[in-house]
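Reader: I'd like to go through the contacts and the empty spaces here, and hear how each label was earned. Can you show me the model?

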Protein chains: 2
Amino acid sequence: MLYLGVDVGGSHIGVGLVDEHGTILHQDEMVTNPKRGTAAVLDELAQLARRVAEKAGGMDKIQGMGIGLPGVVNVDAGTLVFADNLGWSNVHICSEMNARLGIPIMCGNDANVAALAEAKAGACMGADNAIVLTLGTGLGGGIILGGKIHTGAHFVGGEIGHMVIEVGGRLCNCGTRGCWERYAAATALINAGRQAIEEDPNGAIAKAAGGNPDKVNARIVVDAAKAGDAQALAIWKDYIEYLCIGMVSLVNLLDPQVFVIGGGVSAAGDFLLDAVRTRLHEMLSFRDCPHATVELAKLGNNAGIIGAAMLCVQ
Amino acid sequence: MLYLGVDVGGSHIGVGLVDEHGTILHQDEMVTNPKRGTAAVLDELAQLARRVAEKAGGMDKIQGMGIGLPGVVNVDAGTLVFADNLGWSNVHICSEMNARLGIPIMCGNDANVAALAEAKAGACMGADNAIVLTLGTGLGGGIILGGKIHTGAHFVGGEIGHMVIEVGGRLCNCGTRGCWERYAAATALINAGRQAIEEDPNGAIAKAAGGNPDKVNARIVVDAAKAGDAQALAIWKDYIEYLCIGMVSLVNLLDPQVFVIGGGVSAAGDFLLDAVRTRLHEMLSFRDCPHATVELAKLGNNAGIIGAAMLCVQ
């Protein structure tokens with residue numbers, strides 16, 4: 001069985017030819033340029049999809065297309081409700097693409113779809129009940145329940161990063177204060193690293209960033225912590241604490257089989273995994289009962305395309 | 001179709017004869033006295049169940065029995081993993097009761113089971129995706145997904161009150177700091193009322209409690225707020241804020257069709273409902289999208305028996 005997986009981003013759209021196991025057999029991409037309007041973008045996407053499908057012998061060899069979209073998606077109606085970074089709203093994306101390609105079209109939120117990829121072909125393959133945390137600019141991801149993406153009754157669920165962990169805390173882009181993503185996204189680690197340079201312009205983080213706060217990234221902070229720098233270790237310890245607090249809440253609410261951690265911070269590898277596994281276990285109330293395992297994501301940037309294709313399989 | 005619903009508490013065990021619509025046709029109860037051991041308690045429970053079943057013409061008229069238990073329950077294995085306030089652990093409750101009664105036995109956590117009652121026969125009847133919040137001594141309730149109780153992969157989920165809303169905040173009985181129930185259970189309202197008496201021994205709350213902090217209950221605080229007392233209104237406003245913060249997180253994560261609010265605080269009726277509906281709407285990020293409605297629970301103390309019986313129907 002062959003599918004097309006489409007990952008729509010603000011700058012580029014990726015299209016992949018994906019088999020039922022989640023393997024990408026071929027992929028290509030185009031510039032989004034969303035300002036030209038949906039019709040022009042979808043026309044070009046249809047052309048690109050046909051070219052990719054040619055690698056399988058044509059569109060009649062394709063069982064369906066799944067599309068991951070950066071916004072609120074009504075998966076039942078097949079519409080993009082709105083996407084701020086595209087400037088689009090109320091786009092009947094599934095019927096529009098079906099009219100152009102004549103194959104079944106499914107759609108979903110991009111972060112949720114990437115989570116589905118890990119559940120169908122990645123780090124939590126086969127898990128019925130999993131939570132994927134993507135620690136990047138924001139804290140995205142998705143909740144997998146019964147082997148499917150959980151988006152809720154009005155398609156606004158699965159926004160894991162917007163669970164409030166500190167009433168009246170740091171202001172989030174969503175308008176709420178204290179959202180988990182303000183503390184546990186890669187951005188939180190980077191902000192703490194910048195602060196560290198101000199506090200100690202001769203410290204390990206400052207040196208690694210050449211004294212330039214704008215050059216701080218998650219890797220610099222992680223590497224300094226791995227090397228045993230006290231300032232970086234304190235930042236890392238705080239970061240792990242905040243990350244695990246949110247995971248404790250998710251265990252108490254949803255009790256997943258497994259957490260999968262992806263995004264930029266997950267490049268820290270075992271340094272992250274060991275810290276989270278240890279601290280999460282210590283913090284759980286029912287720590288003597290079996291509880292969620294923690295794994296690193298496997299699919300990286302391909303998760304968007306693979307997960308979109310998997311929408312046709314789920 | 002007729003079922004037996006059993007609500008096991010630390011002091012009493014209630015048994016009801018319940019039809020498939022969740023109507024209790026007859027009910028009776030016994031003293032738990034858990035210290036005498038499980039065998040003695042389950043023997044007496046079997047006798048009581050037979051007496052209740054006689055009202056239907058005998059045990060052969062009963063399709064099954066559901067049991068709500070105050071602890072961690074492995075619903076697949078049919079065991080009570082542990083229950084602190086019974087002092088019991090690893091009780092094979094379903095096989096034990098099946099051996100005594102010869103009918104199918106199901107079990108579940110008592111708070112979750114009460115939530116199921118509201119979904120099957122109460123305030124959110126027919127909802128596939130609902131969250132029941134019981135605002136009592138603690139903040140209990142349950143998550144209904146796909147029309148069933150969600151307990152998670154290791155049966156420790158659905159502990160809604162133990163979502164952390166304030167890192168490093170008030171210490172909870174579970175050992176974690178900042179759990180939602182420390183801010184949004186009836187106990188939080190009562191504690192604030194006691195504090196108010198200290199701050200103003202001549203205030204409306206102090207008068208209603210006869211100056212005795214031990215006499216403060218949720219009703220006293222609510223009634224003073226309803227009457228427009230400034231001190232009580234400030235407490236109520238804070239309480240609603242904390243309650244709604246947690247509900248915002250649950251919308252962002254799970255996006256239920258409906259929240260159902262029960263427990264002692266729900267006696268405030270429309271005063272509570274209006275406040276929560278207004279503030280929740282204001283606080284939601286996607287407030288212009290359709291979102292969860294808020295309703296009051298309907299089944300009161302009978303929810304435990306009804307929900308237990310509904311375990312056999314779900």
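Author: Sure. A polar contact is a pair of N or O atoms within 3.5 Å; within protein, one must be able to donate a hydrogen and the other to accept it, and residues adjacent in sequence count only if both atoms are side-chain atoms. By that rule, 24 residue pairs (both at pLDDT 80 or more) are in polar contact across the interface of chain A and chain B. This is a predicted model, where local features need pLDDT of at least 70, side-chain atom pairs count only at pLDDT 80 or more, and totals for chains, interfaces and linings use all residues. Residues are numbered from 1 along each chain as its sequence is written, chains are lettered from A in the order in which they are written, and side-chain values use heavy atoms, with hydrogens and water left out.

Reader: How do you know how many salt bridges cross the interface of chain A and chain B?

Author: A salt bridge needs a side-chain nitrogen of Lys or Arg within 4 Å of a carboxyl oxygen of Asp or Glu. The rule finds zero across this interface.

Reader: What makes a residue part of the contact, and how many does each chain give?

Author: Heavy atoms within 4.5 Å make a contact, and the count is 42 residues from chain A and 43 residues from chain B.

Reader: What area is buried between chain A and chain B?

Author: Buried area is the accessible area (1.4 Å probe) that two parts lose on being put together, summed over both. Here that comes to about 3,500 Å², with 66% from carbon and sulfur atoms. On the chain A side, A:H154, A:V167 and A:L253 lose the most area to chain B.
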